[in-house]
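Here is a short set of exercises with worked solutions. Have a look at the sequence and the model, then try each task before reading on.

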Amino acid sequence: MAKVVYAVAPSPLGQMLVAATSRGVCAVMFGEEDTELERLLEEASPGAEREETDPRLQRLVSSLQDYLAGTSTALDLPVDVHGTPFQRTVWRALQAIPRGEVRSYAEVARAIGRPGAIRAVGRACAANPVAVLVPCHRVVRSDGGLGGYGWGVHRKRVLLELEGAPLRS
């Protein structure tokens, strides 16, 4: 049985849940209520043994809090995410988008050699379990509109503003 340790902490985007396995961060989630985030983690890791407030998480949580507060501009945390081969390809492409830049779903689809897979890219972004670490917030609609974001479009806007990305008015 897999073991997942997690902590819930305040952030500029609301409550933030950070969960990790022995290999790296497996979830970063945002919400208003601790219990809501814990329920989402339980749904995302069925059968896993979950342990709250492991002291080993403090460095990971602090790094994310510093980034979200704007006191750090880099995140170099190990991740342990699982997805389909297509999702992993999209997530690698997202990690290649520099801070302060955005790409459209169509641009990401072209970058991975699948120009017709625009909607599939959107679904892969929605399935991303590690918000911010795999920066799906940097993907916008072709017309420059923000599009969707699993943790709320208002959080997507805050993240893009924090990173200095150009936003459509």
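**Exercise 1. Is leucine 167 buried, exposed or partly exposed, and which residues does leucine 167 touch?**

Step 1. Leucine 167 has a relative accessible area of 27%. Buried means under 20% relative accessible area, exposed over 50%, and partly exposed in between, with a 1.4 Å probe and protein chains only. Leucine 167 is therefore partly exposed.

Step 2. A word on the source: this is a predicted model, in which local features need pLDDT of at least 70, side-chain atom pairs count only at pLDDT 80 or more, and totals for chains, interfaces and linings use all residues. Residues are numbered from 1 along each chain as its sequence is written, and side-chain values use heavy atoms, with hydrogens and water left out.

Step 3. Now place the residue: leucine 167 sits in the segment after helix H6. Helices (H or I, at least four residues) and strands (E, at least two) are DSSP runs, numbered from the N terminus.

Step 4. Contact means heavy atoms within 4.5 Å. Leaving aside neighbours within four places in sequence, leucine 167 is in contact with Leu146, Arg157, Leu160 and Glu161.

Step 5. Finish with a distance: 9.7 Å separates the C-alpha atoms of leucine 167 and glutamate 101, which are 66 residues apart along the chain.

**Exercise 2. Find the buried residues of helix H6 and say why they line one face of the helix.**

Step 1. H6 covers residues 153-162, and its buried residues are Arg155, Lys156, Leu159 and Leu160.

Step 2. Seen down the axis of H6, these buried residues fall within an arc of 135°, so they line one face of the helix. The arc is that of the directions from the helix axis to the C-beta atoms.

Step 3. A general rule helps here: an α-helix has 3.6 residues a turn, so residues three or four places apart point the same way.

Step 4. Look at what covers the buried residues of H6: the cover includes strand S2 (14-20), strand S3 (25-31), helix H2 (58-69), helix H4 (105-111) and strand S6 (139-140).

Step 5. After H6 comes glycine 164, with a positive phi near 75°.

**Exercise 3. Which residues does tyrosine 149 touch?**

Step 1. Tyrosine 149 is in the loop between S6 and H6, and at 11% relative accessibility it counts as buried.

Step 2. Not counting residues up to four places away in sequence, tyrosine 149 touches Ala131, Val132, Cys136, His137, Arg155, Lys156 and Leu159.

Step 3. Valine 132, one of these partners, is in the loop between H5 and S6. Valine 132 counts as buried at 5% relative accessibility, and has a positive phi of about 75° although it is not a glycine.

**Exercise 4. Describe the surroundings of arginine 138.**

Step 1. Arginine 138 is in the loop between helix H5 (118-126) and S6, and counts as buried at 8% relative accessibility.

Step 2. Beyond four places in sequence, the contacts of arginine 138 include Tyr67, Pro98, Glu101, Leu160 and Glu163.

Step 3. The side chain of arginine 138 also reaches the backbone oxygen of isoleucine 97 at 2.6 Å.

**Exercise 5. What lines the largest pocket, and where does aspartate 80 fit in?**

Step 1. The largest pocket has a volume of about 800 Å³. Of the 39 residues that line it, the closest to its centre are Val25, Cys26, Ala27, Asp80 and Pro129. On a 1 Å grid over the protein atoms alone, a pocket is an open set of points where a 1.4 Å probe fits, with protein on both sides within 12 Å along at least five of seven lines; lining residues have an atom within 4 Å of a point. Grid points are joined across faces, edges and corners, and a volume is the space filled by probe spheres set on the points.

Step 2. The largest share of this lining, five residues, comes from S3.

Step 3. Aspartate 80 is in the loop between H2 and helix H3 (85-95), and counts as buried at 8% relative accessibility.

Step 4. A polar contact of 2.6 Å joins the side chains of aspartate 80 and threonine 21, and one of 3.1 Å joins those of aspartate 80 and arginine 23. A polar contact is a pair of N or O atoms within 3.5 Å; within protein, one must be able to donate a hydrogen and the other to accept it, and residues adjacent in sequence count only if both atoms are side-chain atoms.
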